[in-house]
Amino acid sequence: MKTLRIGAGAGYSGDRIEPAVELAEQGDLDYLVFECLAERTIALAQQARISDPAGGYDPLLSERMHRVLPFVGRQPGRRRLRVITNMGAANPVSAAAQVRRIAGELGVKLKVVAVLGDDVLSALRPEQMLDNGQTLGALGDRLISANAYLGVDGILEALRADADVVITGRVADPSLFLAPQMFEFGWAADDWLRLGRGTLVGHLLECAGQVSGGYFADPGLKDVDDLARLGFPLAEVDADGHALITKVAGSGGQVSRATCSEQLIYEVHDPAAYLTPDVTADFSRVGFVEEGIDRVRVQGADGRARPEQLKVSVGYLDGWIGEGQMSYGGPGAVARAQLARDVVLKRLELIGVTMQDVRAELIGMDSLHGPRSHVEPWEVRLRVAARCADRGDAVRVGNEVETLYTNGPAGGGGASKSVRQVVAVASLLLPRGAVTPRIEG
């Protein structure tokens with residue numbers, strides 16, 4: 001029986017590149033998938049595209065492609081390796097053009113195809129309600145983007161067109177991995193059992209190093225060897241969707257029943273109804289069996305009919321965050337930092353800074369869990385951050401922290417300040433008939 005080998009080259013936009021190169025070179029893969037979009041990534045990419053119409057794709061696209069394209073395509077004595085990625089972000093067409101340029105520089109002849117159709121901003125209506133209770137119309141010119149989570153359709157079309165590299169925008173994470181399974185094994189779009197199994201494979205691989213021991217590691221409780229050389233995972237999948245999760249031999253990290261179990265429940269609200277654009281997957285009876293070192297058999301996934309609506313992620317501008325930090329050390333550090341916090345909050349009140357939200361915390365004392373009883377630390381860092389509608393107010397927040405240098409209390413140092421625009425994300429549902437995936441290239 002044919003076995004398909006799919007590797008995870010990235011779990012987010014800024015992920016390491018070396019493990020992906022290791023997979024491309026040593027993983028004997030059919031497909032290498034780079035999953036690089038978080039919830040607000042496309043909204044940020046849309047902002048970048050406004051400044052540069054040729055931009056708006058993943059900033060590490062060029063470096064990743066320079067490193068892995070030499071292994072892509074048909075090569076003697078090797079499996080044909082294809083790449084699927086959502087690094088196109090807000091501009092898959094420009095991303096695909098960039099990959100073609102890189103392939104040309106490297107002397108590699110490849111077919112690169114972009115998948116379009118996720119940008120649905122023009123299809124939305126002002127009266128449509130977001131999950132935060134606001135209407136789209138209420139956002140006015142603060143609205144940046146609206147991208148539907150596509151499923152496998154566009155990727156399948158690209159693979160049928162014999163693409164070596166498939167560049168998408170917003171596609172549901174597991175769909176990036178499900179599409180090659182459907183293509184290679186000829187699964188029907190309503191074969192819910194196999195689509196559920198294939199979606200589980202995608203869900204386990206989509207965060208890359210998380211399932212091979214990265215986020216799992218906890219010294220003394222869950223020790224993981226050679227974390228600095230963490231290997232990214234790959235799946236061996238058969239025509240029925242049965243899969244084994246492993247990694248390149250000799251790479252760091254571990255693949256075990258425990259690492260797979262933790263990844264299984266990651267971002268899953270209802271294990272019996274994990275909604276994707278392709279299938280309603282059922283993970284409620286999933287189990288894992290260790291068949292050897294770093295070799296875990298996956299079993300028990302199922303599926304039901306896919307939802308009739310697609311999730312749309314809407315990005316919009318929501319004010320500014322001003323932040324300032326200052327460190328205090330030595331005897332009495334906490335008392336001086338607490339006084340500094342009180343001073344800054346009073347100063348912001350005195351000069352009339354308007355803030356929607358404000359946090360003033362001592363990192364290492366109460367920034368994560370609120371006020372607690374602590375042994376006096378030798379050093380502590382004050383952080384004051386506020387969200388403001390007006391950029392000028394946000395600037396004043398960091399300025400007031402910086403003025404602690406000479407205006408007391410004593411012994412402050414290492415000041416920093418910043419201002420950044422808030423890109424918020426909300427969601428709505430759209431009938432799938434309103435979304436039309438298509439390819440270009």
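Across which strands does helix 7 (residues 173-185) lie? The legends below describe close-up views of a predicted model.

**View 1. Helix 7 lies across four strands, namely strand 1 (3-10), strand 2 (31-34), strand 3 (82-85) and strand 7 (233-238).** Helix 7 runs at about 160° to strand 1. A further helix, helix 8 (residues 192-205), also packs on the sheet. Helix 8 touches strand 1, strand 7, strand 8, strand 11 and strand 12, and its direction makes about 170° with that of strand 7.

**View 2. An open sheet is built from 10 strands with mixed pairing.** The strand order is 11-12-8-7-1-2-3-6-4-18. Strand 11 (287-292) and strand 18 (438-440) each have a single partner strand, so one side of each is left without a neighbour in the sheet. From one strand to the next, the twist averages 25°.

**View 3. Strand 8 (residues 243-247) and strand 12 (residues 295-299) run antiparallel.** Three bridges join the two strands. Within this pairing, Ala-243 is placed opposite Val-298 of strand 12.

**View 4. Ala-415 is located in strand 17 (residues 412-431).** Ala-415 counts as partly exposed because its relative accessibility is 26%, a value that falls between the limits of 20% for buried and 50% for exposed. Leaving aside residues up to four places away in sequence, Ala-415 touches Gln-325, Met-326, Arg-381 and Tyr-405. Gly-117 is separated from Ala-415 by 298 residues in sequence and by 46 Å in space, C-alpha to C-alpha.

Notes. Residues numbered from 1 in each chain as written. Predicted model: local features only at pLDDT ≥ 70, side-chain atom pairs only at ≥ 80, totals over all residues. Heavy atoms only, no water. Pairing = 2+ DSSP bridges. Axes fitted to C-alpha atoms, helices over the stretch in contact; angles between N-to-C directions. Contact = heavy atoms within 4.5 Å. Buried < 20%, exposed > 50% of the residue type's maximum accessible area, 1.4 Å probe, protein only.
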